[in-house]
Every structure is written in structure tokens, then in C-alpha cells.
Amino acid sequence: MPPLTESFDLIRVINLPDRTDRYNEVTRQLQALGLEWKPGSVEVYVATRPTELAGFPSLGAHGCFMSHLGVLRDALNRGVENVLVLEDDCDVPSRNCALVGEVALGLKKRDWQFVHLGHIAPVSPPPAGTPPSLVEFSGHLQNLHMYGVHRSALAPLVEYLEGCLVRPPGDPVGGPMHVDGALTMFRAAHPELVTLIAQPSLAGQRSSRSDITFGAFESLPGVKQAMSVARKLKSALKR
């Protein structure tokens, strides 16, 4: 299977330093995709953990936004042709591992600014047996577990996301919000930019404790351990 490094100049994985569980899991995921950690090619990005809401729905949403912005800003400063961003709970089912690189190779023959290899999109699944492909999409996308940005969109996107930090919540142009919502608003404001999605989606979210929605219930004695076991079982059944 062709590795994703044939289609992307830089691959960054967002990970909080204290989430060694996710680091270990995503390392195994990269290996299944034929990838390994390599400076300048496949790198971890140290995620942000803010202490203030600053208008965001939660501390986790604030941290997630700032982490994605940091990855994109860094890619812009490096001058890379494109960047693939993974969250550390990205899950590519084993049946799709050989397909991801093949589908991504299609980018070399297309004009594109955004590509989502893993997503939640309101589209009908293709007929059974149809090989995965890249199709144009202009609607709302949820989840940013595996997406790429071409350099032609990096500068205006970074400028927009930075603008969201200084506008008030609920601003019609876009203020503090979940980062997938901000990306959708940016794309809606720039219909000339081409977004491609893998159809069907090739990646999803691994079941693990969320740093965005982690709550008091999960901190009760024994609950955290029990939920961890349940998540691992859920992830195994998905494969």
C-alpha cells in the first residue's frame, strides 16, 4: 500500500503530553498505515491545554481549536506543499488501512484545498462494493480526525481562525467555537476553495476518554477504569 507520505509533505498528530495512552495507540495506528515517527515528515504536535474559556464552549474546545490552529500556522511558516492533520484518537479500521494511501494518491491528479479522509458528513453511502474515492463536498463536516490542507488555503485559513479568537462568541463572521464548525464556516465563505471527502469515510474516532467533554461522572472511583475497558471493547468490535 502506498504510504501517506507520498501524498503529504508533512503529517502532524495532535497529542497532549499526559495522554500517553493515546500516544501509544496512535503510534500503533501509524504503524498499521505503514508510517513511523520521523522529524520533518511524521511528527507529534504538543497540544494546548488552556486554563480559560475565552468565549469557547469548554476548555477542551478551546484547547482543540488552539492546537489545530498551531499545526496549521506551523505548516504555513514551514512553507510545505500540504499538511495532513490527525488527532491522537484517529481510528482507521484495519480493513481500510491499505485503502487510505491509495485514495490519497488521487490528490495528485486533482485541484484541491481541503481533503477529509475521515469525517461525518450528511451524504448517502455509495452502493455496496463501490471502491472508495474522493468526491467534492460543500456542506457541513463534523470531526477533524484525519484531514489535509493545501498550501493555497493555509494563509487565509490561519488568518480566519486567528480572527475567531478576537471576535465575540456568536459573531456572524465567526467567533470562538468548535474548530470543525470554524472550518465549515470558512469553507462556506470561500466556495471557490475545493473540498474533497473520502466516500465512504475511511477513518473515525477511537473510543477513549475525551479531553473536550470529560466530566465529573468519569472521575468517580471505579468509573474511569470501567469506562476505559468498555471503550477498548467498543473499538475492538468496530474492527
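Begin by selecting strand 6 (133-136) together with strand 8 (residues 195-199), which in this predicted model pair in the antiparallel sense over 4 bridges. Within this pairing, put leucine 134 on display and look across from it, where alanine 198 of strand 8 stands opposite.

Now widen the selection to the sheet that holds these two strands, an open sheet of 7 strands in the order 2-1-3-7-5-8-6, with mixed pairing. Strand 2 (42-46) and strand 6 stand at its edges, and because each has a single partner strand, one side of each is left without a neighbour in the sheet. If you turn the view along the sheet, you can follow its twist, which averages 30° from one strand to the next.

Strand 5 (114-120) is the next element to select, and around it you will find that 6 of its 7 residues are buried, so strand 5 is largely enclosed by the rest of the structure. Towards strand 7 (142-150), strand 5 runs antiparallel and is joined by 5 bridges, and here valine 115 stands opposite glycine 148 of strand 7. Towards strand 8, by contrast, strand 5 runs parallel and is joined by 3 bridges, with histidine 116 having isoleucine 197 of strand 8 as its bridge partner.

Stay with strand 8 for a moment and move past its end, to the loop between strand 8 and strand 9 (204-205), where proline 200 has its place. The peptide bond that leads from glutamine 199 to proline 200 is cis, with omega near 5°. In general, most peptide bonds are trans, and most residues other than glycine have a negative phi.

The second half of that statement leads to two further residues that are worth selecting. Asparagine 143, which lies in strand 7, has a positive phi of about 75° although it is not a glycine. Alanine 54, whose place is in the loop between strand 2 and helix 2, likewise is not a glycine and has a positive phi, of about 50°. With a relative accessibility of 46%, alanine 54 counts as partly exposed.

From asparagine 143, step across to valine 179, which is 36 residues away in sequence but 8.8 Å away in space, C-alpha to C-alpha. Valine 179 belongs to helix 5 (residues 179-189), and with a relative accessible area of 9% valine 179 is buried. Which residues does valine 179 touch, not counting those up to four places away in sequence? Display Cys64, Phe65, His68 and Leu144, and you have the residues that valine 179 touches under that condition. Then show the whole of helix 5, which lies across strand 5, strand 7 and strand 8 and runs at about 50° to strand 7.

Helix 2 (residues 59-78) is the next helix to select, and if you keep the sheet in view you will see that helix 2 lies across strand 1 (10-15), strand 2, strand 3 (82-87) and strand 7, running at about 155° to strand 3. Add helix 4 (residues 151-166), which packs with helix 2 at an angle of about 145°, their axes being 10 Å apart. The crossing of these two helices, helix 2 and helix 4, is left-handed. On the helix 2 side the contact includes Phe65, Met66 and Leu69, while among the residues they and their neighbours meet in helix 4 are Leu154, Ala155 and Leu157. The residues of this contact between helix 2 and helix 4 divide into 13 nonpolar, no polar and 2 charged.

Select helix 3 (residues 97-105) after that and colour Cys97, Val100, Gly101, Val103 and Ala104, which are buried. These residues cover an arc of only 165° around the axis, which puts them on the same side of helix 3. To see what the buried residues of helix 3 pack against, show helix 1 (20-32), strand 5, strand 6 and strand 7.

Finally, return to a view of the whole protein, which has 6 helices and 9 strands. If you colour by burial, buried residues make up 50% of the 239 residues in the protein. Among contacts between residues at least 6 apart in sequence, 79% join residues at least 24 apart.

Notes: Residues numbered from 1 in each chain as written. Predicted model: local features only at pLDDT ≥ 70, side-chain atom pairs only at ≥ 80, totals over all residues. Heavy atoms only, no water. Axes fitted to C-alpha atoms, helices over the stretch in contact; angles between N-to-C directions. Left-handed = near helix turned anticlockwise from the far one by under 90°. Contact = heavy atoms within 4.5 Å. Nonpolar A, V, L, I, M, F, W, Y, C, P; charged D, E, K, R; others polar. Buried < 20%, exposed > 50% of the residue type's maximum accessible area, 1.4 Å probe, protein only. Arc of directions from axis to C-beta. Pairing = 2+ DSSP bridges.
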